[in-house]
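Reader: Could you take me through this one, and tell me what stands behind each label you use?

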Amino acid sequence: MKRAGVRNSMQVLLLMVFAAMLAVGCAKKPAATTATAADQAGAQQVTQGVEEMGAGETGIGEGMVGDENAMSMPQAVSSLERIYFNFDRYDLSSEAQAILVNNANYLKANSDQKVRIEGYCDERGSDEYNLALGERRALATQKYLESLGVAKDRLSVISYGEEMPLDPAQNEAAYAMNRRAEFKIIP
Amino acid sequence: MRRFATLLFALLCLPATSVMAQIEVRAPGQQTIAVANTELLPLSGFPSPAIARELHEVMSYDLDMSGLFRQLDPASFLGDAKRLGLTSTQVDFNQWSLLGSEILIKGGYRMQGDRLLVEFRLFDVIHRQLLTGRSYSGYPGDVRTMAHKFADVILKSVTGKEGPFSSRIAYIDNRTGHKELYLMDTDGANSLRLTDHRSIVLNPDFSPNGREVIFTSYRPGNPDLYRKYLGTGQEARLSFKKGLNISARFKPDGREIALTQSESGNPELVLLGTDGSQRRRLTNHWGIDVDPSWSPAGDKLAFVSDRQGNPHIFVLDLLSGQTKRISNNGKYNATPAWSPDGDRIAFTRLEGNVFDIYTIRPDGTDERRLTFGPGNKEHPRWSPDGRFLVFSSDQDGGKGIYIMRADGTGMQRISATGGQSQHPAWSRQR
């Protein structure tokens with residue numbers, strides 16, 4: 001039951017991501033984005049990042065199988081999308097990386113904006129451990145955006161741990177929604 | 001609290017009939033002591049049934065909670081229960097022996113102007129003598145505290161170790177729409193909000209003298225460490241490094257504070273002076289290090305780290321610098337709390353999506369599971385005498401504060417409904 005919930009929510013998430021990408025891709029002409037070679041390079045850095053993190057940080061070489069098309073497809077986004085994490089993990093899934101590529105493009109196109117990256121957890125886990133985990137998520141996100149060429153001094157981080165769930169329900173779908181990093185423009 | 005500071009609790013200088021050893025000390029769950037808990041009678045003036053009833057109810061709750069006593073049915077009491085006799089010569093011990101009572105609580109009260117005077121006596125029915133007595137003077141609003149104080153004295157008289165009932169519990173509650181710091185009695189009465197940060201306040205800890213509470217607050221836009229003086233209400237920000245300033249715990253001597261800071265980019269345990277000065281960094285590891293809990297001697301810290309993969313409980317020896325993992329079962333262990341006696345560490349384990357409370361020896365042996373059944377049980381903290389654990393649980397729906405005996409029996413919700421309550425901490429003194 002719960003497992004099915006995870007799978008469903010993951011499928012829903014994937015569908016949402018793809019749908020968003022398709023919608024964006026259709027609505028905008030390719031000319032709307034300048035990202036070509038630079039983004040390809042960015043995407044390559046992305047994959048390297050995954051390996052480094054999997055091997056070095058957690059000791060567990062788990063990584064979700066990425067959709068190469070989604071990763072290398074140039075995207076234009078009108079705002080900063082949040083990304084999601086697996087339970088007790090702060091490595092970036094290929095979906096998260098794809099979203100961050102878009103977010104980095106947005107930030108490069110809006111170079112006057114400063115952004116606070118907020119790390120969050122689901123309610124399972126100890127509150128203090130989750131504050132630390134939320135910070136890890138925010139820092140991993142920050143490091144990644146930096147690797148994609150966003151200036152470090154434009155990015156700050158804060159962790160709210162499990163304090164501010166998007167969905168307060170106690171089920172796998174809610175937990176998956178709550179394990180996230182969000183981006184807030186600092187006025 | 002300020003008002004109560006004026007309350008006098010003078011030990012009556014009665015003849016030294018210290019016969020403590022004559023009543024056997026028994027552990028909870030074993031044979032219990034038969035106690036006759038009588039309602040106090042008016043010493044003079046008009047009777048006030050409300051005061052007598054409240055004193056009796058609080059005493060009865062504490063005696064039950066201790067697990068040491070079997071209270072006799074007041075309906076079976078004979079004439080002596082209605083007679084004000086505060087010395088052993090005035091008590092008709094035959095009546096109480098007949099009922100099978102081993103110890104007897106009697107006393108009286110009197111209003112003097114707006115002040116309340118209460119006399120409590122504890123008698124040994126078998127040896128027909130006074131065990132101990134106290135007189136308390138305060139305001140009618142202090143009536144619960146007076147009963148809690150004498151319950152503490154009864155535990156001291158019967159077991160040699162004072163009870164914890166007159167101390168207090170700090171906790172976090174969101175009933176205003178924000179998580180704020182609260183204080184309440186050990187039975188949940190007299191709850192009082194202490195902060196008005198309108199942000200997120202988390203994870204309090206009492207100073208050993210009970211006069212200060214430290215906690216983390218997001219009010220400055222970052223999780224920073226605050227200290228609050230309970231007497232004056234005055235607050236100061238103690239630690240405001242970039243990143244986390246969380247899970248702070250006073251050293252048992254009150255001179256230092258261990259907490260987690262992440263200024264280095266990584267959550268590490270750090271030692272602070274009580275003025276907020278940085279003393280030294282205690283851990284240096286890429287893993288997450290949080291939730292320090294001091295050994296009673298202040299020479300070791302239990303904490304949570306994911307340095308070996310999943311979150312587990314470790315013990316750091318501050319003298320040698322050696323770190324040892326003590327939790328070897330489960331995949332997610334958290335929130336260690338070292339017992340006041342030093343012999344056990346309580347912690348929580350996440351298994352099948354539910355947290356339960358366990359204890360283990362500081363060397364990692366003799367793990368015992370204390371809680372079962374539905375709902376999470378989290379954030380265990382010990383009572384100052386080590387008899388009880390306070391924790392938060394969502395077993396009845398919303399999160400509330402619960403207490404239970406150290407063996408896991410006698411679980412009771414103490415916090416009121418209407419808000420989400422969590423992060424309890426038990427003061428060592430009132």
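Reader: Let's start with B:L389. Which residues is B:L389 in contact with, leaving aside its neighbours within four places in sequence?

Author: In this predicted model, the list is B:A346, B:I357, B:P380, B:R381, B:W382, B:I403, B:M404 and B:A406. Being in contact here takes C-beta atoms within 7 Å.

Reader: And what makes B:L389 stand out in the largest nonpolar core?

Author: That core has 103 residues, and B:L389 is one of those that touch the most other members, along with A:L100, B:A170 and B:I214. Helix α5 of chain A, residues 127-147, gives the most to this core, with 9 residues. There's also another core apart from it, with 37 residues, among them B:L55, B:V91, B:M146 and B:V153.

Reader: B:A346 was on that contact list. What is the bridge partner of B:A337 in β24(B)?

Author: B:A346 again: in β24(B) it is the bridge partner of B:A337.

Reader: How do you know that β23(B) and β24(B) pair?

Author: Count the bridges. Pairing needs at least two bridges between the strands, and β23(B) and β24(B) are joined by 4, running antiparallel. They belong to an open sheet of 4 strands in chain B, in the order β23-β24-β25-β26, with antiparallel pairing.

Reader: Why do β23 and β26 of chain B stand at the edges?

Author: Each of the two, β23 and β26 (368-369), has a single partner strand, so one side of each is left without a neighbour in the sheet.

Reader: What is the strand order in the open sheet that contains β31 of chain B?

Author: β10-β9-β8-β31, 4 strands with antiparallel pairing. The edge strands are β10 (192-193) and β31 (421-426) of chain B, because each has a single partner strand. Strand β8 of chain B, residues 168-173, is joined to β31(B) by 4 bridges, and the two run antiparallel. One pair to look at: B:D173 has B:S421 as its bridge partner in β31(B).

Reader: What makes B:R198 exposed rather than buried?

Author: The cut-off for exposed is 12 or fewer C-beta neighbours within 10 Å. B:R198 has 12, so it counts as exposed. You'll find B:R198 in the loop between β10 and β11 of chain B.

Reader: And B:D291, buried or exposed?

Author: Buried takes 20 or more. B:D291 has 31 C-beta neighbours inside 10 Å, so it counts as buried. B:D291 sits in strand β19 of chain B.

Reader: What is special about phi in these two?

Author: Most residues other than glycine have a negative phi. For B:R198, phi is near 50°, a positive value in a residue other than glycine. For B:D291, also a residue other than glycine, phi is positive too, near 60°.

Reader: Which domains does the assignment give for chain B?

Author: Domain 1 (2-159) and domain 2 (168-426). Their C-alpha centres lie 35 Å apart. The contact between them takes 8 residues from domain 1 and 10 residues from domain 2 of chain B. On the domain 1 side, α2 (49-66) and α4 (143-159) of chain B are the elements that give two or more residues. By class, that side has 3 nonpolar, 3 polar and 2 charged residues.

Reader: How many residues does each chain put into the contact between A and B?

Author: 25 from chain B and 15 from chain A. The chain B elements giving two or more residues are β11 (201-206), β15 (245-250), β19 (289-294), β23 (333-338) and β24 (345-351). The chain B side has 13 nonpolar, 11 polar and 1 charged residues.

Reader: What does chain A look like along the sequence?

Author: It follows the pattern α-α-α-β-α-β-α-β-α-β, with 6 helices and 4 strands. Of its 187 residues, 40% count as buried.

Reader: Where does pLDDT stay under 50 in chain A?

Author: One such stretch is residues 12-77, for which the model has 67 contacts beyond four places in sequence. Another is residues 1-7, with 5 such contacts. Chain A averages a pLDDT of 72, and 58% of the residues score at least 70. Where pLDDT is low, the predicted coordinates should not be read in detail.

Note on methods. Residues numbered from 1 in each chain as written. Chains lettered and ligands numbered in written order. Predicted model: local features only at pLDDT ≥ 70, side-chain atom pairs only at ≥ 80, totals over all residues. Contact = placed C-beta atoms within 7 Å. Nonpolar A, V, L, I, M, F, W, Y, C, P; charged D, E, K, R; others polar. Core = buried A, V, L, I, M, F, W, Y, C linked by C-beta atoms within 7 Å. Domains from an automatic or database assignment. pLDDT = per-residue confidence, 0-100.
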